[in-house]
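This briefing sets out the strand, helix and core arrangement of the structure shown below. It is written to be read alongside the sequence and the coordinates.

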Amino acid sequence: MIITFGSINVDFVYEVDEMPQPGQTLLARKFRTESGGKGANQALAAARDGAEVVMVGAVGNDSLAAIGLQNLASATDISRVSRVSEPTGNASIHIDSKGRNMIVVAAGANLTASSDTVEDELLERANVVLMQLENDMAQVEMLIRRVSASKAMSILNLAPAFPVGEEVLSLCDLIVVNEDEAEALAGWLGCGSSANALSARLGTGVLRTLGGDGAEACVDGREIHVTALPIDVQDTTAAGDCFVGVLASALDRGMPLEVAMERASVAAGIACSRRGSQSSIPSAVDIDKHPGLLTLA
C-alpha cells in the first residue's frame with residue numbers, strides 16, 4: 001500500500017502558440033479545467049497502475065474541491081483528505097505548440113495539510129510513503145522523520161525545488177529530481193548534479209529524470225540508466241508525476257529499481273503522447289501492452 005501525502009489542485013490549462021512574455025496578452029487556442037496537483041497526479045498514476053493508494057491532503061470548502069477530487073475519489077482512498085477554510089489549490093498552466101509548459105501554482109488549502117493525518121496504524125500498513133514539496137515543508141519534514149523510523153520506503157520528489165536540510169534529505173530512501181531540480185539541489189549542497197554525485201553527497205538513493213534522455217539513479221553506489229520512449233510529444237504536463245507515481249507503484253509491488261524505472265519511463269512516455277494532466281495518465285493495461293516493456297521479459 002502507498003500513502004501519498006501531497007497536493008490536490010485544479011488546473012486551468014491554456015493552449016497557446018507561444019509562451020506569453022512580460023506585459024503581453026495572448027489569445028489561447030483552447031482552454032480546459034482539469035484535476036491536478038503533484039500529490040494527486042502521483043497518487044492517481046500509482047492507482048491506475050494497480051496500487052492501493054491512500055491520499056492524504058486538504059481541499060477547500062469551495063466549488064473547486066469536487067473537481068480536484070473527482071478522479072481520486074474513484075481510484076484512491078480519500079477519507080484522509082481534509083476540508084478547510086482556505087481555497088482549494090489551483091494552477092495556471094500554459095502549453096505551447098511544442099508541448100512545453102509553464103506553470104504557476106497557488107497552494108491554498110495544500111499548506112494546511114497535516115502529517116498527523118497519517119496515523120501510526122496507517123503508517124505501519126504502508127510499503128511506500130510518497131511526498132512532494134507543494135505542502136507545508138515542516139509537515140513534510142515531520143513525516144519524513146516518522147517514515148525513517150518505520151519499515152516503509154520514503155520517496156521524496158523534490159518538486160518544486162525548495163531548500164531542504166541535508167540531514168532531512170539523508171533520511172529519505174529515494175529522492176527524485178528532474179534536471180532543473182538536480183541543478184538546484186547540487187547548488188545548495190556544493191556538489192555535482194548527477195544522480196551519482198548527489199547520492200554520494202547525501203548518502204541516500206537519488207533518481208534524476210532526464211527528459212528525452214531517460215532517467216538515471218544511484219543507490220548504494222550502484223548506477224542505473226534507462227532510456228526514454230521515442231514519442232511525438234503532445235503535452236508534458238503531469239508526465240513527471242506519472243513517472244514518480246508508477247515508479248512508486250512498481251516498487252510497492254517489489255519490483256527491482258531498474259525494472260520499476262523502465263516501467264515508469266514507459267508510462268511517462270505514454271503521458272507525453274497525450275494531451276491533458278490527469279487525463280493523460282495511462283492505466284496498467286496501457287503500460288503492459290507497450291512494446292517498450294518487451295525488454296523486461
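Strand β6 (residues 89-95) presents two faces: Gly89, Ala91, Ile93 and Ile95 make up the covered one, while Asn90, Ser92 and His94 make up the uncovered one. The model is a predicted one. The points below begin with the sheet that contains β6, then turn to the nine-strand sheet, helix α7 and the nonpolar cores.

**The four-strand sheet**

- Strand β6 belongs to an open sheet of four strands, ordered β3-β2-β6-β7, in which the pairing is mixed.
- The edges are taken by β3 (30-36) and β7; each has a single partner strand, so one side of each lacks a neighbour in the sheet.
- From one strand to the next, the twist of this sheet averages 20 degrees.
- Strand β2 (residues 9-15) runs parallel to β6 and is joined to it by seven bridges; within this pair, Phe12 stands opposite Ser92 of β6.
- Strand β7 (residues 101-106) runs antiparallel to β6, with six bridges between the two; here Asn90 stands opposite Ala106 of β7.
- A hairpin is formed by β6 and β7, with five residues between them, and Gly99 in its turn has a positive phi of about 85 degrees.
- Strands β2 and β3 are antiparallel and joined by seven bridges; Tyr14 has Phe31 of β3 as its bridge partner.
- Helix α2 (residues 63-75) lies across β2 and β3, and its direction is at about 70 degrees to β3.

**The nine-strand sheet**

- A further open sheet, of nine strands and with mixed pairing, follows the order β5-β4-β1-β8-β9-β10-β11-β12-β13.
- Its edge strands, β5 (77-84) and β13 (222-226), each pair on one side only.
- The twist here averages 15 degrees from one strand to the next.
- Strands β1 (residues 2-5) and β8 (residues 128-131) pair in the parallel sense over four bridges, and Ile2 has Val128 of β8 as its bridge partner.
- Helix α4 (residues 137-148) lies across β1, β8 and β9 (153-157), running at about 160 degrees to β8.
- Helix α6 also packs on the sheet, where it touches β9, β10 and β11; the direction of α6 makes about 115 degrees with that of β10.

**Helix α7 and its surroundings**

- Ala195, Leu198, Ser199 and Leu202 are buried in helix α7 (residues 195-202).
- These residues lie on the same side of α7 because the arc they cover around the axis is only 100 degrees.
- The cover over the buried residues of α7 includes the helices α5 (166-170) and α6 (179-189), together with the strands β10 (174-177), β11 (205-209) and β12 (215-219).
- Gly203 follows α7 and has a positive phi, near 70 degrees.

**Nonpolar cores**

- The largest nonpolar core has 48 residues, and Leu207, Leu247 and Met261 have the most contacts inside it.
- Helix α9 (residues 257-272) supplies the largest share of this core, ten residues.
- Leaving aside residues up to four places away in sequence, Leu207 touches Leu174, Ile175, Val176, Val177, Ala215, Glu216, Ala217, Phe243, Leu247 and Met261.
- A second core, separate from the largest one, has 39 residues, among them Leu133, Val140, Ile144 and Cys172.

Notes: Residues are numbered from 1 along each chain as its sequence is written. This is a predicted model: local features need pLDDT of at least 70, side-chain atom pairs count only at pLDDT 80 or more; totals for chains, interfaces and linings use all residues. Side-chain values use heavy atoms; hydrogens and water are left out. A nonpolar core is a set of buried Ala, Val, Leu, Ile, Met, Phe, Trp, Tyr and Cys residues joined through side-chain atoms within 4.5 Å. Buried means under 20% relative accessible area, exposed over 50%, partly exposed in between (1.4 Å probe, protein chains only). Contact means heavy atoms within 4.5 Å. Two strands pair if DSSP finds at least two bridges between them. Axes are lines fitted to C-alpha atoms, for helices over the stretch in contact, and angles run from 0 to 180 degrees between N-to-C directions. The arc is that of the directions from the helix axis to the C-beta atoms.
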